[in-house]
Amino acid sequence: MGFIIECKKVKRTGFIPAFICAGIFSAAIPVINMAVRHKIYTSSAGSPVNILFNANWQVMAMLNMLAVVICACIIYNSEYAGNAMQKMHLLPVHEGYMFLGKFVLMFLMCIAILAIESAGIMFCTDYWFGSGSQVLYLVLKSFAYEMVIMVPAALSALFIASAFKNMWITLGVCVVCIFMATMLPMDNFILSLFPFAMPFQVFAGTAEKTIQGFIAASFIESIIIIIAEFLLIKIRRLFE
Amino acid sequence: MNIIETRNLTKVYAGFKAVSGLSLHVPKGSVYGFLGPNGAGKSTTMKMLLGLTRPTSGSFVVDGMEGTENRIEILKKTGSFIEAPAFYGNLTGEENLDIVCKILGLPKSAADEAMEITGIAQYKKRLAKKYSLGMKQRLGLASALVGRPPILILDEPTNGLDPSGIHETRALIRSLPQRFNCTVFVSSHMLSEIELMADNIGILNHGRLLFEGTLEELKRNAALNGYPEDRLEDIFLAMVGEDNLQHKGGV
Amino acid sequence: MSFISILSIEFKKIRRSKILPLFLLASVILWLPSVFNADINFKMQAEGILPEYNFLIQGFLGISWFMLPASIIVSTVLINQTERSNNGILKMLALPVSTTWLCLAKFLVLLVLAAAQVIIMAGVYYIGAAIASNIQDYNFILPPLFVFKESALLFISAIPMAALFWLLSICIKTPVFSIGSGFIMVVPSVLVINTKAWFAYPVSYPFYVITTEYSKLASGIDTTKIQLIPWIPVAFLITVFCIVLSCMYFGRSYR
């Protein structure tokens, strides 16, 4: 129910087109990169999926993060801009469920973005490496992994957006967080647990133990952020 | 002498005629009540006079200046208050008015005077976003009155005020022509309210002018057409109601 | 009324916006890892760059490719939001000010914010360099004139980019698209600086300039010399084009 209402709210805000555009754009990155420099990549050793992810995932993940952040800004801006939030407070809905509804919407869009990107990667493996459908399983597993480790970042962006009424503060804080994520060393497990840094991790070529660690961390962080959001709502009630 | 005159002013929004063929005459030094139900095109007309929106066709003259070409010159002489109050929430009431003063090249005392008149002087250090609806409305009114402009364009200035606030504002508007030697062009959707403030009345419905003239003329006109004469609100409602019927019939 | 007073009004409008603390936070996050990992600056024999220069330039690279463009985009959002959130812009348009001047004043505010970001970053650099010098027992602090020169280069090369983002924020009414298109332009600038047509892409200017500075300081890297022609004329034309177009469009979207 909450989810359907949230879908209605983002009408005409450009939310869905923005996600689709970001997906197409980031899916185009490996394709363009391969088209320009296919000689370097086809001659390097390792599995095609591995090569493609190593070459492109940093930029693609960056675009994903930016898409998530911008959309979190828009989702809550439509709530605060026309004082609609006040109306929501007066209706018998818990603000926390609204947050979850927004998250489900955002998560679906993340799946859409990742699906478009996996199509881009699949095209590259097929066209330049000629690996056909045998890598399909690995590509799908990679993107399923990305989907899981993207959740805390999406939740954090929404959490920040719900905390600030001014859209620009949300944007500023999130951008600083993304910036911080790019500064953190990727190979340090503890530092990579920062929600905005996790989506930069890749599946292919990573030890199984590390992967399990990140998946577990993703679940734990998600729960913590949701609890934090509910606390934020409670505390804010006390002060308003 | 008319300080504001419009000739066949028309505004069309994507196939919808908000204002059609409007010819208004606002005499200098008077309070002109611009009356009409919600969505009649009052705000659109006022926005056109202020250059906030471009007329689709027709023209207007403000203080002898042809409308669209002299936007800045007209704005120098006009204090305005349009729709919901417009302000910067992160600034205090005083700072908001300082901005207006600076643009108009006025000393700070002009802001103090406007705040004194509208009764927000005691809240001037508070952030505008923390203002109550009535205070925001007063702030908007104050920003229109800054510097005693010769022309005032006020769009439903009593919206959101409490009864005493409404009363004060009406009395203020009524007194403005004498006090500041200015002309007030004020809109409302209540005839009873306009009756208390205005010398001249224009009634608008569906973007068309149904009546223009003084209160006495309206009463006479009403009597001739068989409307109840003693209750003005009824006259207004009857006129609008009949026009709506015709409008529907026409379409 | 003079342009100066319009400008002072525009600065008044961004009061209490807390943007400077945000810039400070970004700068601290930028230099913090450099301070902790200051020892890697001693392992740059292959590049042939002195540790203290490497310390500075690595930070500058980080800011020029992402943080400075992002700060400018965030600032455009701030400037637009203060006007739109409570209809302040309606009041402005109903006052006798030229919209062109308003637009120019706002653009100058944007540039001042960008300059503030660069200055804050340079300030935090000195604190960071002092701490790193203490930890590593090696002087990382560079002469102010040199740091100033690099900062000035960074800022000046960012002006065409700021003009472009300003134009985007005015012409694209839906915020999601104006912000989104800005960021989408930032991300590929890493790829664009390696192409011959980099001078046609304003977003890549700061990063390109700092990369060239890096190659100048590092003896082990081929020095890429900036081709001033056609860069300067193209950058100038793009800047003027963006400013003129944004002034023409400004205010129109509200009417």
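**A buried strand and a chain interface**

In chain B of this predicted model, strand β8(B) is covered on both of its faces, with B:Ile151, B:Ile153 and B:Asp155 buried on one side and B:Leu152 and B:Leu154 buried on the other. In a regular strand, side chains alternate between the two faces of the sheet. The strand spans residues 151-155 of chain B, and because 5 of its 5 residues are buried, a term that here stands for under 20% relative accessible area, β8(B) is largely enclosed by the rest of the structure.

The neighbours of this strand can be followed from B:Ile153. Strand β7 of chain B, residues 78-81, runs parallel to β8(B) and is joined to it by 4 bridges, and within this pairing B:Ser80 stands opposite B:Ile153. Strand β9 of chain B, residues 183-188, also pairs with β8(B) in the parallel sense, over 5 bridges, and here the bridge partner of B:Ile153 is B:Phe185.

From this strand the reader may turn to the way the chains meet. Of the 2 pairs of chains that touch, chains B and C share the most contacts, whereas chain A and chain B do not touch, their nearest C-alpha atoms being 11 Å apart.

The contact between chains B and C draws on 30 residues from chain B and 27 residues from chain C. Between them the two chains bury about 2600 Å², of which 59% lies on carbon and sulfur atoms. On the chain B side, B:Leu52, B:Tyr88 and B:Ile103 supply 27% of the area that this chain buries against chain C, which is more than any other three residues supply.

Charged and polar groups also meet across the interface of chain B and chain C. The rule finds 3 salt bridges there, and one of the salt bridges in the model joins the side chains of B:Glu95 and C:Arg16, with a nitrogen-to-oxygen distance of 3.1 Å. Across the interface of these two chains there are also 13 residue pairs in polar contact, both residues of each pair being at pLDDT 80 or more.

Which elements of chain B give two or more residues to the side that touches chain C? They are α2 (71-77), α3 (93-104) and α5 (133-145) of chain B, and α3(B) gives the most, with 7 residues. Taken by character, the residues on the side of chain B that touches chain C divide into 16 nonpolar, 7 polar and 7 charged.

Note on methods
Residues numbered from 1 in each chain as written. Chains lettered and ligands numbered in written order. Predicted model: local features only at pLDDT ≥ 70, side-chain atom pairs only at ≥ 80, totals over all residues. Heavy atoms only, no water. Contact = heavy atoms within 4.5 Å. Buried area = accessible area lost by both parts, 1.4 Å probe. Salt bridge = Lys/Arg side-chain N within 4 Å of Asp/Glu carboxyl O. Polar contact = N/O pair within 3.5 Å; in protein donor to acceptor, adjacent residues only side chain to side chain. Nonpolar A, V, L, I, M, F, W, Y, C, P; charged D, E, K, R; others polar. Buried < 20%, exposed > 50% of the residue type's maximum accessible area, 1.4 Å probe, protein only. Pairing = 2+ DSSP bridges.
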